[in-house]
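Let's take a friendly walk through this structure, from the whole chain down to one pair of helices. Have the viewer open as you read.

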Amino acid sequence: MGFFTDALREASIDKSRGGQSLLQKQKARWGWLFISPWIFGFFAFLFIPMVASLTFTFLDFNILEPEKTSFIGLENWSKLGSDPLLREALRVTGVFMLIALPVAIVQPIAMAGLLNARALKFRRIFTTLFYMPYVIPLISVIYIWTGVMNPQSGWIARVLMLFNIDMPDILNEPNWIPMALILIGLWGAGNAMLLTLAAMQNIPTSLYEAARVDGAGPMRIFFSITIPLISPVIFYNTVLALIGIFQIFTVPWILSRGGDRNPDNAYLFFNIHFYKTGFKFQDMGYAATLAWVLFLIVITLTILLFWSAKYWVYQPGSSES
Amino acid sequence: MTSKSSNLIQTAAAGSKNTSPFLVSNLKSFTGGAILFLITFSILMAYLSPMGYMAVTSLKTLDQIPNTRILPQTEELFEYEGELYPVMNVPTEDGFRSLVLVQKGRQRSQFIDPQNPEGGLIEWEGRWRTLEPNWETDLATENYSEAWRLVNFPRLLFNTITIAVLGVIGTVVSCTLVAYGFSRFPIPGKNILFLILIATIVLPGQVTLIPKYALFERIGWTGTWLPLIVPHFFANAYNVFLLRQFFLTIPKDLDEAAMIDGANPLQVLLRVIIPQAWPALIAVMLFHFFFAWNDYFEPLIYLLGREDLVPISVGIQQFNFIYGKQVHLIQATALMALVIPVLLFFVAQKYFIQGVKFTGVDK
């Protein structure tokens with residue numbers, strides 16, 4: 001499914017090597033020409049900056065005074081252990097991941113499952129409307145939801161009032177802040193929902209019919225047929241959600257008013273700490289170190305996820321024995 | 001989908017052949033469908049309700065926001081002997097009447113009839129606090145002109161659209177070339193290169209950010225739009241993947257025929273591939289347009305101190321940090337920022353949704 005497995009499969013069967021005719025060589029030259037923008041971009045904006053970023057981790061580098069840059073060995077790396085804000089940032093991001101990742105996995109499946117119900121009329125219109133919040137600019141999303149979550153005048157507070165429940169100030173109470181971010185994130189499920197729905201619609205009806213003949217109920221069918229067959233999409237969505245969670249910046253940045261209103265550091269996500277270090281305090285050597293830490297965490301988790309895939313992700317065409 | 005539903009009809013028909021339960025089962029599936037529709041509709045309404053909050057709040061005056069009404073409404077007042085008194089909805093023997101509360105009392109209060117103010121006082125027994133005031137709808141449409149002016153919306157719009165359109169051109173041109181290269185040419189080690197391209201998706205942007213920023217600072221690009229535009233002229237994994245998938249579905253016979261007619265690969269791209277790839281190209285353009293409209297972090301760091309150059313995302317955030325208490329204006333700006341993307345989505349949703357599906361579907 002999608003990017004990852006396709007690319008992996010093809011890399012393992014590279015058939016375009018070997019001695020070639022003149023025509024093939026000429027064609028290859030055209031090919032290089034066409035992909036050259038990416039090759040250039042890859043080196044200019046990715047590979048070289050990454051290597052440079054690694055070198056920065058050994059420097060005391062302040063962009064305001066570049067002439068004072070000096071080599072400080074592993075000082076930035078050893079600072080990681082004694083940085084209390086880094087510990088906070090890892091805690092905040094880690095706790096949020098534990099709550100947000102299950103939501104990011106389950107929500108698209110639930111929405112797609114609803115839209116895939118056979119008896120549903122106006123499926124296309126529903127799909128479009130359920131997708132629509134995904135295209136609302138994040139800045140609008142944030143301000144709409146902060147209004148909705150206002151403990152006095154917001155609509156959530158008004159609904160709770162009908163049941164005589166007091167609305168907590170979820171944008172300012174540290175324990176509630178992750179929940180506020182989850183609510184804001186509910187509007188970000190569109191793409192995952194659409195891919196899940198497409199995968200569900202690709203499941204052959206004969207499988208369902210066979211299961212029904214064998215006496216399986218709807219629950220059994222959902223968990224024994226639908227979920228395994230859409231597991232490649234679940235896997236893909238999980239990888240993207242995981243990466244996305246470590247990239248979170250805009251929402252906590254704006255909700256904390258640029259880091260100024262930050263009760264118990266509840267808004268101190270990894271990237272907020274990174275931004276403040278690099279751009280507010282201009283300590284770019286240490287900021288590069290933080291970026292590399294993030295990179296190593298994300299890569300490790302991604303590799304773990306790929307390793308886990310062979311236990312739960314259905315591989316089309318692979319032997320079942 | 002069609003095959004699925006026709007299957008359904010067949011099984012339903014087979015099950016009810018020549019038997020009277022036909023009607024019953026039909027009725028059953030009808031109510032089932034209606035209930036499902038209602039459930040889905042309610043969930044949709046709840047899911048989209050924050051948009052309703054935004055629309056309604058953006059039309060309120062600041063005084064209306066704390067009151068208990070959902071719609072922008074104010075308590076109706078009536079002028080009587082030079083003073084303003086509230087109009088209440090009073091239960092009387094002849095049903096509810098709108099009366100003006102002129103004298104409040106604990107057990108009984110004095111009212112006058114607004115239709116006939118000279119008719120003298122009307123006494124009403126009961127607690128006036130239990131009465132509901134007469135609400136009248138009062139839309140503060142001036143919020144929009146005020147927000148428009150305060151955020152300098154035309155400027156923000158111009159900045160956002162310029163950055164987005166230039167980036168769209170860069171993305172669609174570069175991604176088309178690269179996807180064409182990957183889908184049609186025998187480049188040695190092509191599949192390894194493609195794997196590297198795809199792997200860049202999982203790379204967190206922060207790890208390259210500091211040196212890129214230092215570079216752009218050194219060559220004088222910070223404080224300009226260049227860092228937000230130029231890198232998009234060098235292709236990105238997501239859109240290259242989408243286009244390559246699409247190009248692979250175009251039969252090779254066509255480009256081979258054109259080649260035999262003497263066209264070079266660039267001509268094949270322009271005359272054979274692109275005319276057939278419009279749906280995918282439109283999807284790529286839309287994706288980048290939405291990305292640029294949404295982008296907040298990069299404009300924040302690269303346009304620091306250049307308020308005249310910032311796009312909508314940063315402009316509205318800056319406005320909010322200053323006017324945070326003006327809830328009605330904030331909601332008006334939120335609506336102004338989403339109108340164009342949402343309209344564009346509805347106009348082009350076919351291409352958009354097809355494009356999203358294409359990134360996920362196996363060949």
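Helices and strands here are DSSP runs, numbered from the N terminus, with at least four residues for a helix and at least two for a strand. By that count, chain A holds 14 helices and 2 strands. Please keep in mind that this is a predicted model.

The C-alpha atoms of chain A fit a box of roughly 80 × 75 × 35 Å along the principal axes. Of the 321 residues in chain A, 36% are buried. Among the contacts in chain A with a separation of 6 or more, 67% join residues 24 or more positions apart.

Next, the partner chain. Where chains A and B touch, 89 residues come from chain A and 89 residues from chain B. On the chain B side, helix α2 (residues 21-57) gives the most, with 15 residues. That side of chain B divides into 60 nonpolar, 23 polar and 6 charged residues.

Back in chain A, how do α13(A) and α14(A) pack? Helix α13 of chain A spans residues 270-280 and helix α14 of chain A spans residues 284-312; they meet at an angle of about 160°, with axes 8 Å apart. The two are therefore roughly antiparallel, and their crossing is left-handed.

| Helix | Residues in the contact |
|---|---|
| α13(A) | Phe270(A), His273(A), Phe274(A), Thr277(A), Gly278(A) |
| α14(A) | Met284(A), Tyr286(A), Ala287(A), Leu290(A), Ala291(A), Leu294(A) |

The residues of this helix contact divide into 8 nonpolar, 3 polar and no charged.

Definitions and conventions: Residues are numbered from 1 along each chain as its sequence is written. Chains are lettered from A and ligands numbered from 1 in the order in which they are written. This is a predicted model: local features need pLDDT of at least 70, side-chain atom pairs count only at pLDDT 80 or more; totals for chains, interfaces and linings use all residues. A residue is buried if 20 or more other C-beta atoms lie within 10 Å of its own, exposed if 12 or fewer, and partly exposed in between; C-beta atoms are placed from the backbone. Two residues are in contact if their C-beta atoms, placed from the backbone, lie within 7 Å. Ala, Val, Leu, Ile, Met, Phe, Trp, Tyr, Cys and Pro count as nonpolar, Asp, Glu, Lys and Arg as charged, and the others, Gly among them, as polar. Axes are lines fitted to C-alpha atoms, for helices over the stretch in contact, and angles run from 0 to 180 degrees between N-to-C directions. Angles under 35 degrees count as roughly parallel, over 145 as roughly antiparallel, 65 to 115 as roughly perpendicular and the rest as oblique. A crossing is left-handed if the near helix is turned anticlockwise from the far one by less than a right angle, and right-handed if clockwise.
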